[in-house]
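Here are a few notes to read with the model open. They start at a turn and work outwards from there.

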Amino acid sequence: MTDILALTQENLFDQHICCSLSDKDNQNGVILKKHWLSCRMEEGLVFKKLDVRGKVFIEYIPAEFAWVPIEAPNYLFINCFWVAGRYKGQGNGARLLNECMEDAIEKQKHGIVAISSARKKPYLSDKSFFLKNGFEVCDTAPPYFELLVKRFETQAPEPKFKANAKKARIDQTNGLVVIYTDQCPFTDYYANQELDEIEKEFRIPVTRIKITSREEAQNAPSPFTTYTAYWNGEFLTHEILNRKKLEALIKKGLG
């Protein structure tokens, strides 16, 4: 059985972080992500992956330090969880989730929370997997986000989204606005070079807002702080935009 490797501040910059293995466009994003991880590790973030060159890992942190607008005191928050390609269907997801659960029990946490969606969406962990492993929906936020929890104590407080996470809109109402962080190695390229091309090709005003602190993230207008796009002030998508995706959204009437 392949070992599970824990990344630390000591080995982080010598290891790949699974999501972006060979994409040259995102190499600066990989560096930014690793620096983000290193800082979060000081706050208790754990990154574990199968010791292979592939997308199979889990990343979790004490919920009080999570860069998402939730209230979940004494819970662990799964920040990112990905099992892809030939590593699916082999129990690897269950192994990684079990690592998180054992850690939560050892640290005497109330349980574990994660953000998913009512229907399966890119960049969000599959809700059905969590439900099969004892999670349940404890809160929702528009248009489709769901907060899932696995409680170890029946009397533990129920986690919830903060009120600001349920706005699904922002005050700026002109054109395309993208709010993003360094939590994902893909956001740097797509929030900069790709948005430059979108602005030129579609001749629309584009505004970028980069979240650079936990406080800003916890006060964000959407549960998904890694990357969220708004059109004329209204929530558009949490999926990273390129020109092809935007063109498809325009044909659908921009949401």
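1. Look at the hairpin first: β12 and β13 are joined with 2 residues between them. Asn232 sits in that turn and has a positive phi of about 50 degrees. Keep in mind that this is a predicted model.

2. The two arms of the hairpin, β12 and β13, run antiparallel and share 3 bridges. Across the pair, Trp231 faces Glu234 in β13.

3. What does β12 pair with in the antiparallel sense over 5 bridges? That partner is β10 (residues 176–180), with β12 covering residues 227–231. Here Trp231 of β12 turns up again, standing opposite Leu176.

4. Now zoom out to the whole sheet. It is open, has 4 strands in the order β11-β10-β12-β13, and its pairing is mixed. β11 (206–210) and β13 (234–237) are the edge strands, each pairing on one side only. From one strand to the next, the twist averages 30 degrees.

5. Then there's a helix to place against the sheet. Helix α5 (residues 193–202) lies across β10, β11 and β12. Relative to β11, helix α5 runs at about 160 degrees.

6. One last stop, away from the sheet: Val30, which belongs to helix α1 (residues 27–41). Is Val30 buried or exposed? Val30 counts as buried because its relative accessibility is 10%, and the cut-off for buried is under 20%. If you want a distance to check, try Val30 and Ala220: they are 190 residues apart along the chain, and their C-alpha atoms are separated by 23 Å.

Key: Residues numbered from 1 in each chain as written. Predicted model: local features only at pLDDT ≥ 70, side-chain atom pairs only at ≥ 80, totals over all residues. Heavy atoms only, no water. Pairing = 2+ DSSP bridges. Axes fitted to C-alpha atoms, helices over the stretch in contact; angles between N-to-C directions. Contact = heavy atoms within 4.5 Å. Buried < 20%, exposed > 50% of the residue type's maximum accessible area, 1.4 Å probe, protein only.
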